[in-house]
Amino acid sequence: MNTTIDIFSQSPDAYAKKIAQQVKKRRLEMRLTQAGLAKRADLPLATYRHFEQMGKISLQGLLQIAFVLNCLEDFNQLFFHREHSL
């Protein structure tokens, strides 16, 4: 299953909601409730719920969630320098 997201075909809001959906899927795979994940990530439950619904959260909050879901290492690829060919 390909879980990559084509960022050029989506708005930033749509991309954020897709990330929130992927986080929710990972949370459910780990059998965590919203409250359980929010507590482990040291976030208010309302903040986490808002993230799952709207895709909006601070970068720090997203990093805390990624840490709990054992996905923090994925951020190493963000803005990774790539050679562009013309």
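**Exercise 1. The loop residues with positive phi**

Starting from R31, which is found in the loop between α1 and α2, describe the backbone and the exposure of this residue in the predicted model, and then treat D42 in the loop between α2 and α3 along the same lines.

*Solution.* Step one is the backbone of R31, whose phi is near 55°, a positive value in a residue other than glycine. Step two is exposure: R31 has a relative accessible area of 78%, and because exposed means over 50%, R31 is exposed. Step three turns to D42, where phi is near 60°, again a positive value in a residue other than glycine. For step four, the relative accessibility of D42 is 65%, so D42 counts as exposed.

**Exercise 2. The overall architecture**

Work out which secondary-structure elements the protein holds and in what order they run, and state what share of its residues count as buried.

*Solution.* The protein comes to four helices and zero strands, and from the N terminus on its elements run α-α-α-α. Of its 86 residues, 23% count as buried. As for contacts between residues at least 6 apart in sequence, 43% of them join residues at least 24 apart.

**Exercise 3. The packing of α1 on α3**

Describe the geometry with which helix α1 and helix α3 pack, and list the residues through which they meet.

*Solution.* Two packed helices are described by the angle between their axes and the distance between the axes. For helix α1 (residues 12-29) and helix α3 (residues 45-54), the angle is about 120° and the axes are 7 Å apart. That angle makes α1 oblique to α3, because it lies outside the range of 65 to 115 degrees that counts as roughly perpendicular and is not over 145. From α1, the residues K17, I19, A20, V23, K24 and R27 take part, and they meet Y48, F51, E52 and M54 in α3. Sorted by class, this contact of α1 with α3 has six nonpolar, no polar and four charged residues.

**Exercise 4. Two charged residues and their partners**

Decide whether R27, which lies in helix α1, is buried or exposed, and follow its side-chain polar contacts to E52 and beyond.

*Solution.* The relative accessibility of R27 is 5%, and since buried means under 20%, R27 counts as buried. Its side chain is joined to that of Y48 by a polar contact of 3.5 Å, and to that of E52 by a polar contact of 2.7 Å. When neighbours within four places in sequence are left aside, R27 is in contact with L32, T33, Q34, L37, Y48, E52 and L69.

The next step moves to E52, which lies in helix α3 and is buried, with a relative accessible area of 14%. The side chain of E52 also has a polar contact of 2.7 Å with the side chain of Q34. Not counting residues up to four places away in sequence, E52 touches A20, K24, R27 and Q34.

**Exercise 5. The nonpolar core and Y48**

Identify which residues have the most contacts inside the largest nonpolar core, which element gives the most to this core, and how Y48 is placed.

*Solution.* The largest nonpolar core has 15 residues, and those with the most contacts inside it are V23, L37, Y48, F51, I65 and L69. The elements that give two or more residues to this core are α1, α2 (34-40), α3 and α4 (59-68), with α4 giving the most, namely four residues.

Y48, in helix α3, has a relative accessible area of 0% and is therefore buried. Not counting residues up to four places away in sequence, Y48 touches V23, K24, R27, Q34, L37, A38 and I65. From Y48 to A35 the C-alpha distance is 8.2 Å, at a separation of 13 residues in sequence. For V23, leaving aside neighbours within four places in sequence, the contacts are with Y48, F51, I65 and L69.

**Exercise 6. An exposed residue of α2**

Determine where R40 is found, and which residues are in contact with R40 once its neighbours within four places in sequence are left aside.

*Solution.* R40 is found in helix α2 and is exposed, with a relative accessible area of 58%. With those neighbours left aside, R40 is in contact with L32 and V68. The C-alpha atoms of R40 and V68 are separated by 6.6 Å, although the two residues are 28 residues apart along the chain.

Notes:
Residues are numbered from 1 along each chain as its sequence is written. This is a predicted model: local features need pLDDT of at least 70, side-chain atom pairs count only at pLDDT 80 or more; totals for chains, interfaces and linings use all residues. Side-chain values use heavy atoms; hydrogens and water are left out. Axes are lines fitted to C-alpha atoms, for helices over the stretch in contact, and angles run from 0 to 180 degrees between N-to-C directions. Angles under 35 degrees count as roughly parallel, over 145 as roughly antiparallel, 65 to 115 as roughly perpendicular and the rest as oblique. Contact means heavy atoms within 4.5 Å. Ala, Val, Leu, Ile, Met, Phe, Trp, Tyr, Cys and Pro count as nonpolar, Asp, Glu, Lys and Arg as charged, and the others, Gly among them, as polar. Buried means under 20% relative accessible area, exposed over 50%, partly exposed in between (1.4 Å probe, protein chains only). A polar contact is a pair of N or O atoms within 3.5 Å; within protein, one must be able to donate a hydrogen and the other to accept it, and residues adjacent in sequence count only if both atoms are side-chain atoms. A nonpolar core is a set of buried Ala, Val, Leu, Ile, Met, Phe, Trp, Tyr and Cys residues joined through side-chain atoms within 4.5 Å.
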